[in-house]
Amino acid sequence: MQSAGSGWGNGLLGVIIFSGSLPATRVAVGGFSALFLTSARAVIAALIGVAVLGLLRQARPQRGDLASLTIVSLGVVVGFPLLTALALQHITSARSIVFIGLLPLSTAIFAVLRGGERPKPLFWFFAVLGSATVAGFALSNGGAASLAGDLLMLAAIVLCGLGYAEGAALSRRLGGWQVISWALLLALPLMVPVAVWTLPSTWSGIGAPAWIGLAYVSVFSMFVGFIFWYRGLAIGGIARVGQLQQLQPFFGLALAGFLLHEPVAWSMIAATALVVVCVFFARRFA
């Protein structure tokens, strides 16, 4: 019970931190290109991770861990940040946040494929019901719809779910912050040239909100949030704790509405409420 409580507590902290990611990305792409934002946040977070690894004298991962770390890098260091940044050039952060309701299902599927977990049949019923609610919302007129933006968000969800499940399974041996640090370091040789190549031609037109957005996604979304998230998944179970992501739209929609003054349609709130009900029951049968 204590381990389960710790897993849920760490997972909830991770979700709260991640909830600011899409609004922050939405603000940041107003001043930076999607490629520069993706590479810059990875480079900044990697420098933090390398510093912590060095200060705490962490042993290098085994050669057999490189494949898993590569998957984590492709999923959460490169794939999800890049695809969401591209998507947010077509849709509002309020609309993109509701797609996060698909993340628990994506994470649960990869928890079975990569983590060896076996949730009960009723878990899948409620997980699919929650995802179907999100898909139905995406096909409705809630928010500023865009086929390109929606498809980019769906691709981002698949890669993110894979990165979450793979990283959580690896965290059981290496530790949560170690996994994201090594994954960031692995991506660094690619991200540095991309960041240099996509440097803004001028810095004068980039406002403070864009810089704040870049700082948030670099420090919190790309590093700090994963410390709690991977630990929560590793302790409490990937499929089970992964359902906490259903709460992320609530936090994210609030941020998009109050901070960015984006319209939050009643259909968004209704869809989010229903997926939260689904996660309550999915948690019981995971």
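By a salt bridge I mean a side-chain nitrogen of Lys or Arg lying within 4 Å of a carboxyl oxygen of Asp or Glu, and with that in mind, a search of the whole structure, which is a predicted model, finds three of them.

Let me take these three in turn. In one of them, the side chain of Arg173 meets that of Asp65, with 2.4 Å from N to O. This pair links distant parts of the chain, since Arg173 sits in helix α8, residues 147-174, while Asp65 belongs to the loop between α3 and α4, and the two are 108 residues apart. Are these partners buried or exposed? Arg173 counts as exposed because its relative accessibility is 52%, whereas Asp65, at 3%, counts as buried.

Another salt bridge joins the side chains of Glu166 and Arg114, at 2.6 Å from N to O, and it too links distant parts of the chain, with Glu166 in helix α8 and Arg114 in helix α6, 52 residues apart. Glu166 is buried, with a relative accessible area of 4%, while Arg114 is partly exposed, at 43%.

The remaining pair is Glu117 with Arg172, at 3.1 Å from N to O; here Glu117 lies in the loop between α6 and α7, Arg172 lies in helix α8, and 55 residues separate them. Glu117 is buried at 15% relative accessibility, and Arg172 is partly exposed at 41%.

Helix α6 itself deserves a moment. How far apart are its end C-alpha atoms? For its 13 residues, 103-115, they are only 16 Å apart, short of the 18 Å that a straight helix would reach at 1.5 Å a residue. Buried residues in α6 include Leu103, Thr107 and Phe110, and just after the helix Gly116 takes a positive phi of about 75 degrees.

Moving to the interior, the largest nonpolar core has 68 residues, and those with the most contacts inside it are Val76, Val77, Tyr164 and Tyr230. Its largest share, ten residues, comes from helix α9, residues 176-197. Apart from this core lies another, of 13 residues, among them Ala28, Val29, Leu214 and Val217. Returning to Tyr164, and leaving aside its neighbours within four places in sequence, its contacts include Leu103 and Thr107, as well as Val76 and Tyr230.

Finally, on the surface, Leu12, Leu13, Ile16, Phe250 and Phe251 form a nonpolar patch with about 400 Å² of accessible area together. The elements giving two or more residues to this patch are α1 (2-18) and α12 (248-258), and α1 supplies the largest share, three residues.

Key
Residues are numbered from 1 along each chain as its sequence is written. This is a predicted model: local features need pLDDT of at least 70, side-chain atom pairs count only at pLDDT 80 or more; totals for chains, interfaces and linings use all residues. Side-chain values use heavy atoms; hydrogens and water are left out. Patches are made of residues with over 30% relative accessible area and no salt bridge: like charges are joined within 9 Å, nonpolar side chains (Val, Leu, Ile, Met, Phe, Trp, Tyr) within 5 Å. Accessible areas come from the Shrake-Rupley method with a 1.4 Å probe; for residues, only the protein chains shown count as cover. Helices (H or I, at least four residues) and strands (E, at least two) are DSSP runs, numbered from the N terminus. A nonpolar core is a set of buried Ala, Val, Leu, Ile, Met, Phe, Trp, Tyr and Cys residues joined through side-chain atoms within 4.5 Å. Buried means under 20% relative accessible area, exposed over 50%, partly exposed in between (1.4 Å probe, protein chains only). Contact means heavy atoms within 4.5 Å. The expected span of a helix is 1.5 Å times one less than its number of residues.
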